[in-house]
Amino acid sequence: MPATNPASYLCIIGMADYEEIVDTHGTESAKLLREEFFHRAKQWVRPSDPSNVLRDGRFLVLLKGVSTAPQLQLATAKLKRLFSTPYNLFGEETPIKVCAGFVLLDGDTTTIGQTEIQRARKALRQAVRSDRLYEVFDELNQQSVDQEKQLLNALEIATANGELQLYYQPKIHPAYGSLVGAEALMRWHTQDGKVLTPEHFIDVAEKNAVIRPMTWWAIKTAVSQLARWPKLPSLSVNLPPPLLMDDEVLSVVHDCLEIYDVTPSRLTLEVTENIMITSPDIILSKLAQLQSSGVKISIDDFGTGFSSLAYFRDLPVNELKIDKSFVLKMLASEKDLIIVKAVIELAHNFSLSVVAEGVETQAAVNKSNELNCDQLQGYYFDRPLVASDFEKRYLNN
Ligand code: C2E
Ligand code: CA
Ligand code: CA
């Protein structure tokens, strides 16, 4: 089919709920409705616009010269109007739900190929999924959706194939310089030899079901490491918000501690402060349940989550970790220093221990010590280390 100069939208429209109609009304009625769908769709098409019925019963149209947002709005408003009245199906007013997918063809496109049709179909599927009249294919957005899918797929395989590893970063006493604990941080050793930090995968993981096996694996690995390292006072694992609400979290933690015969108080679960934004009451009771099982709870990235101090009063936690953004800047910025001081004071007034994260210099160590911070974590001491290196440096004496 020839395309035109200038740019034009290619569109595929379809009935959004055809399968459902077949199920509820039967094949004969569905056929009638589909005929009505084509009848109305044809009214939408201007005489000069090439159109075609596709094999799967969808309708393809090239809207010649329609290329701007206002033009598209006019065209879709007409489509909406044409399908706004229900069809009289044997005396029953039955709506015909239409959805459309658009893709913009630039003026140089001379033929409509499979790629363009696939893109319009993708946009149509998106419209059906999000229950909207239409969607426009967005190349950049599509790329990121595709990339995310690929990443997710690889991550699922990685989790099953043991490509994930925990690294260990020491937590140090500011005055004595002694080891008081460690945080387990995830790394992904990919098949092509790269070591990826969580910034490359944790957001995608946390939006999807794979975060569950990943987190259970992290808890199990951390607890098994605690069993192997009796000299390590405590080890922290990150517990992402969706899993704090998971019914299984309590039993996973409990079972791991029992299997490896580890004292619960040696395990700390780090949850971020922003969990308090949604359903704080449920979160509070979950935290209390976990805490009563003997494990310690730490609030990570404290100061960034805007949680209400009213909840803070009743928070069943043991430790606050001051977000590294404040610690990194506290020597250069009076305002950040004030926040660090305030958090330490607040925590101590509630008998909580305070960890300063992001300690990179001797000056930051001195300052944190002066402010009575209880534990320090940061590159000044060490980056997260593989288990064998951590053991050599901190546990072999
Ligand atoms: P986080 O829990 O706040 O972990 C601290 C991050 O700060 C770590 O980054 C650590 O390497 C980094 N860090 C430590 N000391 C310093 C320092 O002195 N300066 C600077 N600039 N950074 C420092 P990492 O390992 O890349 O982890 C990033 C985030 O990914 C973590 O932030 C955590 O939110 C998430 N994450 C890591 N491991 C896990 C995991 O096992 N499960 C889940 N759900 N999230 C994880
Ligand atoms: Ca953490
Ligand atoms: Ca943190």
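1. How many bridges join strand 1 to strand 6? There are eight, and the two strands run antiparallel. Strands here are DSSP runs of E of at least two residues and helices are runs of H or I of at least four residues, numbered from the N terminus; two strands pair if DSSP finds at least two bridges between them. Strand 1 covers residues 8-15 and strand 6 residues 98-105. Within this pairing, Ile12 has Gly101 of strand 6 as its bridge partner.

2. On conventions: this is a predicted model, in which local features need pLDDT of at least 70 and side-chain atom pairs count only at pLDDT 80 or more, while totals for chains, interfaces and linings use all residues. Residues are numbered from 1 along each chain as its sequence is written, chains are lettered from A and ligands numbered from 1 in the order in which they are written, and side-chain values use heavy atoms, with hydrogens and water left out.

3. Strand 6 also pairs with strand 7, in the parallel sense, over three bridges. Ala100 stands opposite Tyr134 of strand 7. Seven of the eight residues of strand 6 are buried (buried is under 20% relative accessible area, exposed over 50%, partly exposed in between, with a 1.4 Å probe and protein chains only).

4. The domain assignment, which is automatic or from a database, gives domain 1 as 8-137 and domain 2 as 151-394. Their centres, taken over C-alpha atoms, are 51 Å apart.

5. The calcium ion (ligand 2) has as donors Glu183 (OE), Asn238 (OD1), Glu270 (OE) and Asp300 (OD), at 2.1 to 2.3 Å. Donors are N, O and S atoms within 2.8 Å of the metal (3.2 Å for Na, K and Ca); water is not among the atoms, so sites may look incomplete. The spacing along the chain is E-x54-N-x31-E-x29-D. Asn238 belongs to strand 11 (residues 235-238) and Glu270 to strand 12 (residues 267-272), so this pair ties together parts 32 residues apart in sequence. Asn238 is partly exposed at 28% relative accessibility, whereas Glu270 is buried at 1%.

6. The calcium ion (ligand 3) is coordinated by Asp300 (OD), Asp301 (OD) and, listed twice, Glu357 (OE), at 2.2 to 3.1 Å. Its donors follow the spacing D-D-x55-E. Asp300 coordinates both ions, which are 4.3 Å apart. Asp300 is buried, with a relative accessible area of 7%; Asp301 is partly exposed, at 23%.

7. The largest pocket holds about 1000 Å³. A pocket is an open set of points on a 1 Å grid over the protein atoms alone where a 1.4 Å probe fits, with protein on both sides within 12 Å along at least five of seven lines; lining residues have an atom within 4 Å of a point. Grid points are joined across faces, edges and corners, and the volume is the space filled by probe spheres set on the points. Of the 37 lining residues, Glu183, Leu185, Pro198, Asn238 and Lys324 lie nearest the centre. Strand 9 gives the largest share, five residues. The lining divides into 16 nonpolar, eight polar and 13 charged residues (nonpolar: Ala, Val, Leu, Ile, Met, Phe, Trp, Tyr, Cys and Pro; charged: Asp, Glu, Lys and Arg; polar: the others, Gly among them).

8. The second largest pocket has a volume of about 300 Å³. Its lining has 14 residues, with Lys122, Gln126, Arg129, Gln142 and Val145 closest to the centre. Helix 4 (114-129), strand 7 (134-136) and helix 5 (139-161) each supply at least two of them.
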